Number of protein chains: 2
Amino acid sequence: MRSEIIAVGSEMLTPWRQDTNSLALTEKLNDLGVIVAFKTIVGDRRTDLADAIRIALGRVDIVLLTGGLGPTEDDLTREAVADALGLELRRDHAQVTALYTRAASMRISMPENNLKQADVIDTAVVLPNPNGSAPGQWLDTAFNGYRKLVMLLPGPPGECIPLFDIAYLPRLKELLPPRHIAKRTLRAAMILESQADKILAPIYMTYPDVETTILASGGEIQLTLIAAKPAQDAAQKRVDELAGRLEVALQDWLFASDGESLEEIVLLNLALRQMTLAVAESCTGGKISERLTSISGSSRSFVGGAIAYSNNLKTDFAGVPAEVIARYGAVSVEVAAAMAEGIRKRTGASIGLSVTGIAGPTGGTDAKPVGLVYFSVADAQKTETFERNFRGPRERVRTWAAQQALDLVRRRLM
Amino acid sequence: MRSEIIAVGSEMLTPWRQDTNSLALTEKLNDLGVIVAFKTIVGDRRTDLADAIRIALGRVDIVLLTGGLGPTEDDLTREAVADALGLELRRDHAQVTALYTRAASMRISMPENNLKQADVIDTAVVLPNPNGSAPGQWLDTAFNGYRKLVMLLPGPPGECIPLFDIAYLPRLKELLPPRHIAKRTLRAAMILESQADKILAPIYMTYPDVETTILASGGEIQLTLIAAKPAQDAAQKRVDELAGRLEVALQDWLFASDGESLEEIVLLNLALRQMTLAVAESCTGGKISERLTSISGSSRSFVGGAIAYSNNLKTDFAGVPAEVIARYGAVSVEVAAAMAEGIRKRTGASIGLSVTGIAGPTGGTDAKPVGLVYFSVADAQKTETFERNFRGPRERVRTWAAQQALDLVRRRLM
């Protein structure tokens with residue numbers, strides 16, 4: 001069953017506002033086995049809106065509209081749905097009463113134009129809205145000979161989502177065959193999307209009943225597997241089976257089997273081994289620490305460290321001899337190693353992690369270009385160093401460097 | 001001139017991801033006088049995508065597509081645009097070379113399936129992407145006898161927006177009639193949106209020709225003023241006049257008169273005074289450092305500091321006497337003061353900034369609830385301390401705390 005969510009409102013076509021209802025609605029629809037195939041955002045223009053509704057009715061079975069149910073002249077969802085379906089609006093007397101009652105309870109007089117909110121599309125079921133004056137509407141109707149469900153929901157998230165839960169969800173459940181969705185998210189670090197797809201596509205292509213999505217960002221691949229089946233067991237079995245095969249194929253790039261973040265995995269592995277981590281960050285400037293401390297309970301395994309941005313701090317906090325910096329430069333494999341060893345010793349942590357590099361956009365040379373980053377991971381046994389070259393603007397270099405650094409610690413712990 | 005932005009990718013039809021490129025693109029299009037009339041989000045299904053493109057071509061003049069240009073089997077934007085326009089794809093030899101060169105410079109071998117990214121729609125102008133492997137494409141074409149502009153842009157925001165700026169914007173400007181827009185963005189810290197609106201609405205309401213938008217997030221108010229006039233001077237004059245009045249009303253909450261970020265303003269003021277800053281972060285865990293070092297050239301005024309997450313590091317790196325921690329607790333005004341003074345002395349910076357608090361969700365007590373955060377700013381003259389209580393989940397507390405900390409430094413520098 002395919003659905004479309006149409007978010008109505010010119011403010012969501014500005015640079016500053018975004019539809020957010022659709023995220024929560026999507027999750028609830030997916031849980032019922034309903035796929036969201038399209039999302040459309042359209043302004044408060046009756047013809048645009050009616051056209052968008054006709055297009056949706058032509059391509060999906062269920063159309064959800066959010067917004068445009070208020071009392072202003074710009075609120076045209078009711079009218080446009082009626083236009084698209086060739087139906088009439090009627091003023092619902094129970095709703096008129098409800099509007100007057102609501103105004104009275106708020107000790108305000110009822111503005112005349114509020115009555116617009118009592119207009120109901122013929123054949124629609126009116127769904128009272130406990131958190132606002134605009135009721136929802138539910139239409140079980142036909143378009144070009146096909147059965148369609150059309151749902152009108154208020155725009156404010158505090159009205160839309162609760163109303164969906166109490167009024168639409170039970171109705172949908174009653175109509176839809178009992179379908180169950182199973183989900184798994186695998187995550188892998190520092191593998192290119194193209195490389196991952198080459199390895200994984202031959203596997204997931206043999207599971208056409210499992211929807212597999214690959215998402216890449218900031219040195220990370222996220223694989224989402226979703227299957228919908230009549231029974232939960234069957235859906236879960238297929239997803240787990242495919243996940244198992246993809247996990248093997250991803251080898252040690254894989255870091256999470258159930259959606260965990262890299263920082264969570266690093267902290268979990270430190271805790272399991274009763275080890276602690278300290279960092280000395282130069283070019284990442286706090287990104288690694290910030291990610292680790294975003295996890296509640298991180299203080300158990302992460303002691304902190306130094307933002308060794310200046311050379312003095314590299315020496316004073318991370319114990320890098322000034323002559324090593326003078327000789328090799330702050331961005332060098334020697335300084336990276338000394339930083340990791342130094343921060344480990346200074347803090348007494350089991351593992352010291354360091355990053356030093358040239359984030360750009362300035363500061364690069366032919367020998368040491370922007371994007372060159374050195375890493376080091378030191379523990380009681382050994383100190384390893386790594387060199388990477390990242391591309392792109394400052395923020396990208398820093399994001400990738402932080403991801404690489406965390407992944408190096410994960411690999412050391414494996 | 002009406003446009004539609006089509007964001008391509010099944011991940012944006014999940015509950016977890018949202019199109020964000022369209023916000024920045026909308027701003028840039030609006031500046032050119034182009035209205036965004038529709039936004040569509042569609043998954044990686046060739047027929048759905050081709051249909052969505054046809055619909056867009058039928059209702060607007062300019063169609064922007066973001067995403068679906070990668071190397072995977074799911075990346076089908078090129079194919080679908082060709083389908084919709086009845087055009088062919090050809091493999092572009094210059095792009096093939098570019099892909100091999102890029103792989104070589106990254107010292108990796110070129111995966112065979114990456115070549116897909118060299119496929120170009122017939123008659124399209126290929127726009128090399130400095131931040132990724134998928135080039136953009138620009139089509140000045142016809143659909144049902146009408147002239148249409150179709151733009152294919154990469155999905156990752158770090159690629160999409162810069163490429164739009166360097167390659168698409170100049171081309172659009174050349175085609176569109178000249179338009180004069182004046183814009184100013186004022187920013188203020190640690191003032192509530194409702195409080196700001198109460199002060200500001202009576203002023204900006206008297207400028208109906210200037211579009212004023214207030215946006216609040218993370219302890220910050222952003223006011224955007226936009227005026228479009230037949231002449232640049234006239235537009236600028238109205239915007240500057242309103243900005244001037246709003247600035248006065250915002251008093252010392254105002255930190256930026258032209259869109260600068262709080263970290264930029266702090267760094268600028270430090271540099272002007274030839275002063276340096278060091279931080280000792282506990283509950284913010286690197287957020288302050290991360291924000292400061294996100295600015296290129298920050299090393300001039302920001303020396304770095306300590307992520308003093310454990311008590312040991314508060315003592316060892318920030319010089320907080322262990323007995324002060326034992327006596328008052330790590331989250332206390334005494335420890336905050338000692339951290340700021342300590343980090344200043346240890347690093348030799350002009351100003352020391354510290355944060356210690358309870359980010360939650362656990363760790364709170366009746367006396368020291370989740371959200372309680374102490375700050376201190378120390379220079380050679382004096383050490384000031386501050387106490388704040390923030391609400392909400394861990395991430396919100398940390399974000400507000402980092403914002404408050406930077407604002408305290410700004411106020412000290414004023």
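# Exercises on a predicted two-chain model

The buried residues of H1(A) pack against five elements of chain A: strand E1 (2-8), strand E2 (35-42), strand E3 (62-66), helix H5 (157-175) and strand E9 (180-189). The model is predicted. Keep that in mind throughout.

## Exercise 1. A helix and its buried side

Task: state which residues of helix H1 (residues 21-31) of chain A are buried, and what follows the helix.

Solution.
- Step 1. List the buried positions. They are A:Asn21, A:Ser22, A:Leu23, A:Leu25, A:Thr26, A:Leu29 and A:Asn30.
- Step 2. Find their partners. Strands E1, E2, E3 and E9 and helix H5 of chain A receive these buried residues.
- Step 3. Look past the end of the helix. A:Gly33 follows H1(A), with a positive phi near 85°.

## Exercise 2. The twelve-stranded sheet

Task: trace the sheet of twelve strands and name its edges.

Solution.
- Step 1. Read off the order. It is E6(A)-E7(A)-E8(A)-E3(A)-E1(A)-E2(A)-E2(B)-E1(B)-E3(B)-E8(B)-E7(B)-E6(B). The sheet is open and its pairing is mixed.
- Step 2. Find the edges. Strand E6 (125-127) of chain A and strand E6 (125-127) of chain B each pair on one side only.
- Step 3. Check the twist. On average, neighbouring strands of this sheet are turned by 20° against each other, direction ignored.
- Step 4. Inspect the chain B edge. Three bridges pair E6(B) with strand E7 (residues 136-143) of chain B in the antiparallel sense. B:Val125 has B:Trp138 in E7(B) as its bridge partner.
- Step 5. Add the covering helix. Helix H3 (residues 77-85) of chain B lies across E1, E3, E7 and E8 of chain B. H3 runs at about 170° to E8(B).

## Exercise 3. One strand inside that sheet

Task: decide how strand E3 (residues 62-66) of chain B is paired and whether its faces are covered or not.

Solution.
- Step 1. Take one neighbour. Strand E1 (residues 2-8) of chain B runs parallel to E3(B), joined by five bridges. B:Ser3 stands opposite B:Ile62.
- Step 2. Take the other pairing. E3(B) is also joined to strand E8 (residues 146-153) of chain B by five bridges, again parallel. Here B:Leu149 is the bridge partner of B:Ile62.
- Step 3. Test burial. Five of the five residues of E3(B) are buried.
- Step 4. Split them by face. B:Ile62, B:Leu64 and B:Thr66 lie on one side, B:Val63 and B:Leu65 on the other. Both faces are covered.

## Exercise 4. The four-stranded sheet

Task: give the strand order of the sheet of four strands in chain A and place helix H6 (residues 193-204) on it.

Solution.
- Step 1. The order is E10-E11-E9-E12, in an open sheet with antiparallel pairing.
- Step 2. The edges are strand E10 (210-216) and strand E12 (254-256).
- Step 3. Neighbouring strands are turned by 30° against each other on average, direction ignored.
- Step 4. Examine one pairing. Two bridges join E9(A) to E12(A). A:Ala188 faces A:Leu254 there.
- Step 5. Place the helix. H6 of chain A lies across E9, E10 and strand E11 (220-229), at about 175° to E10(A).

## Exercise 5. A helix pair

Task: describe how helix H8 (residues 262-272) of chain A packs on helix H13 (residues 394-413) of chain A.

Solution.
- Step 1. Take the geometry. The angle is about 30° and the axes are 10 Å apart.
- Step 2. Classify it. H8(A) is therefore roughly parallel to H13(A).
- Step 3. Give the hand. The crossing is left-handed.
- Step 4. Name the contact. From H8(A) come A:Leu262, A:Glu263, A:Ile265, A:Val266, A:Asn269 and A:Leu270. From H13(A) come A:Gln403, A:Leu406, A:Asp407, A:Val409, A:Arg410 and A:Leu413.
- Step 5. Sort by type. Seven are nonpolar, two polar and three charged.

## Exercise 6. Between the chains

Task: characterise the contact of chain A with chain B, then a charged residue, B:Asp48.

Solution.
- Step 1. Count the residues. Chain B gives 66 and chain A gives 65.
- Step 2. Sort the chain B side. It has 24 nonpolar, 27 polar and 15 charged residues.
- Step 3. Find a strand pairing across the chains. Strand E14 (residues 302-308) of chain A and strand E14 (residues 302-308) of chain B run antiparallel, with five bridges. A:Ala306 is partnered by B:Ala306.
- Step 4. Turn to B:Asp48, in helix H2 (residues 46-59) of chain B. B:Asp48 counts as buried because 20 C-beta neighbours lie inside 10 Å.
- Step 5. List its contacts beyond four places in sequence. B:Asp48 touches A:Ala37, B:Val42 and B:Gly43.

Conventions
Residues are numbered from 1 along each chain as its sequence is written. Chains are lettered from A and ligands numbered from 1 in the order in which they are written. This is a predicted model: local features need pLDDT of at least 70, side-chain atom pairs count only at pLDDT 80 or more; totals for chains, interfaces and linings use all residues. Axes are lines fitted to C-alpha atoms, for helices over the stretch in contact, and angles run from 0 to 180 degrees between N-to-C directions. Angles under 35 degrees count as roughly parallel, over 145 as roughly antiparallel, 65 to 115 as roughly perpendicular and the rest as oblique. A crossing is left-handed if the near helix is turned anticlockwise from the far one by less than a right angle, and right-handed if clockwise. Two residues are in contact if their C-beta atoms, placed from the backbone, lie within 7 Å. A residue is buried if 20 or more other C-beta atoms lie within 10 Å of its own, exposed if 12 or fewer, and partly exposed in between; C-beta atoms are placed from the backbone. Two strands pair if DSSP finds at least two bridges between them.
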